[in-house]
Amino acid sequence: MGASPLIWGAVLTAGFFALLFGGVSETLLGPEAHQFLMRYAGGHPVEYCEIAMFFVAMAAMILKRGQISAQLSRLGQQILGKVPEEGQTADDCGALLAKLEDLPARQQGDYLTGRLREALVHVQQKGTADALDGELKYLSEQDADRSYGSYALINVIIWASHLLGFLGTVIGITMAIANLDPASLESSLSQVVGALGVAFDTTALALSLSMVLMFAKFAVEKNETRLLERVDERASEELNGRFSDSGTGGDPQVLAVRRMADAMIAASGRLVER
C-alpha cells in the first residue's frame, strides 16, 4: 500500500478540483450539476478534506484490485515443476527455493510465491515434510491476517470520514450561533441559514462518500478472499505428495517406526550386496 495511494489520491484530488473550479464540469455536466458539485464539494475546507480522503481510499482500492487480478491470472502457472515418480526429500528444498528466486520480480510478492517459499523453508529446517499440512494451514491463516491488515488505511479513512462529517456539523452550528444577532434578526438570518447549510452539507457528503467506500471495499475484499482460496488450492497441488517422507501427520511414534524401517531396509540392502 505504501505511499502510492497517497500520491495517486493527491493526483486525483488535484484533477477533480481543477475540473471543478476551472469550469470544465459546468461545460461537461451542465450548470445545475456544476452548482450541485460546488455546493457539496467546494463549499468549505472540511469538504475539501473529505474529497481528498475519498480519492486516497479509492486509489488504494484500485491499486489493490489490480494486484489481486494480476495474481489471479498467474495462478495457472506451474511453479515448482512436476513431481518425480520417486518423490523428493527435504534435501531438494534448496533447488526448489532456487526456482522461486528465478521467478520475475512482479511475482515475488504474490501470495502463492510467499506461501511456497515459507513452506519449503519449513521443510528444509525440519528435515522432513511430516508436518507440512499443519504448516500450510498456519501459513493460510497468516495470509488471511495479512490481508485484513492491508485494509488499515482504508478503514482509517472510512472512520475519519464520519468524524469529518461530525466536525463539519459542529463548525456549521458554531458559525450559525456566532452569526445570530437578536438585534438585527432579519439581516443575520441569511448568514445563519448559510452556516447551517455547511453543517448539513458536510455531514451529507461524509456519509455518502463513506457509503461508497464501504461498498467498494466489500467488492475488493470478496475478490481477495477468492484469491486466498485459490492460493490454498494451488499450494496444496504444488506441495502435497511431492515429498516422499510426508504423510505421517507429524506423529513422533509413527515417524520413529518409519525411520527404523528405513534403517532396516538400508541394512538389508548392504547385507545383500556383501
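F21 is a good place to start in this predicted model: its relative accessible area is 45%, which makes the residue partly exposed. From there we can follow the aromatic contacts, then a lysine above a ring, and finally the salt bridges.

**Aromatic contacts**

F21 has a partner in F17, and the two rings make a stacked aromatic pair, with 5.8 Å from centre to centre and 15° between the planes. Both residues belong to helix α1, where four residues, or about one turn of the helix, separate them. Which side of the burial cut-off does F17 fall on, buried or exposed? F17 is buried, at a relative accessible area of 13%, while F21 is partly exposed.

Across the whole structure, a search turns up seven aromatic pairs. One of them brings together F16 and F55 in a tilted arrangement, with ring centres 5.6 Å apart and planes at 50°. Because F16 sits in helix α1 (residues 4–21) and F55 in helix α4 (residues 45–74), this pair ties together parts that are 39 residues apart in sequence. F16 is partly exposed, with a relative accessible area of 21%. F55 has 16% relative accessibility and counts as buried; the cut-off for buried is under 20%.

How do these residues fit into a wider group, and which residues form the aromatic cluster? The members are F16, F17, F21, Y48, F54 and F55, joined in one cluster.

**A lysine over a ring**

Helix α4 also carries K64. The charged end of K64 is placed over the ring of Y151, at 5.0 Å from the ring centre. The side chain of K64 also makes a polar contact of 3.3 Å with the side chain of E224. With a relative accessible area of 7%, K64 is buried.

**Salt bridges**

Side chains of opposite charge can pair when their charged atoms come close. How many salt bridges does the structure hold? There are 12, and the table sets out three of them.

| Salt bridge | N to O distance |
|---|---|
| R39 and D201 | 3.0 Å |
| D232 and R115 | 2.7 Å |
| E221 and K217 | 4.0 Å |

Let us take R39 and D201, whose side chains meet at 3.0 Å, N to O. This pair links distant parts of the chain: R39 belongs to helix α3 (residues 31–41) and D201 to helix α10 (residues 185–239), with their positions 162 residues apart. R39 is partly exposed, at a relative accessible area of 46%, whereas D201 is buried, at 9%.

The next bridge joins D232 to R115 at 2.7 Å, N to O. D232 is in helix α10 and R115 is in helix α7 (residues 111–126), so the pair ties together parts that are 117 residues apart in sequence. R115 is buried, with a relative accessible area of 3%, and D232 counts as partly exposed at 27% relative accessibility. Which residues share a network of salt bridges with these two? D143 and R146 do, and the network links R115, D143, R146 and D232.

The last row of the table stays inside one helix. E221 and K217 are four residues apart in helix α10, so about one helical turn separates them. E221 is partly exposed, with a relative accessible area of 27%, and K217 is buried, with a relative accessible area of 15%.

How values were computed
Residues numbered from 1 in each chain as written. Predicted model: local features only at pLDDT ≥ 70, side-chain atom pairs only at ≥ 80, totals over all residues. Heavy atoms only, no water. Phe/Tyr/Trp six-rings, centres within 6.5 Å; stacked < 30°, edge-to-face > 60°. Helix = DSSP H or I, 4+ residues; strand = E, 2+ residues; numbered from the N terminus. Buried < 20%, exposed > 50% of the residue type's maximum accessible area, 1.4 Å probe, protein only. Lys NZ or Arg CZ within 6 Å of the ring centre and 35° of its normal. Polar contact = N/O pair within 3.5 Å; in protein donor to acceptor, adjacent residues only side chain to side chain.
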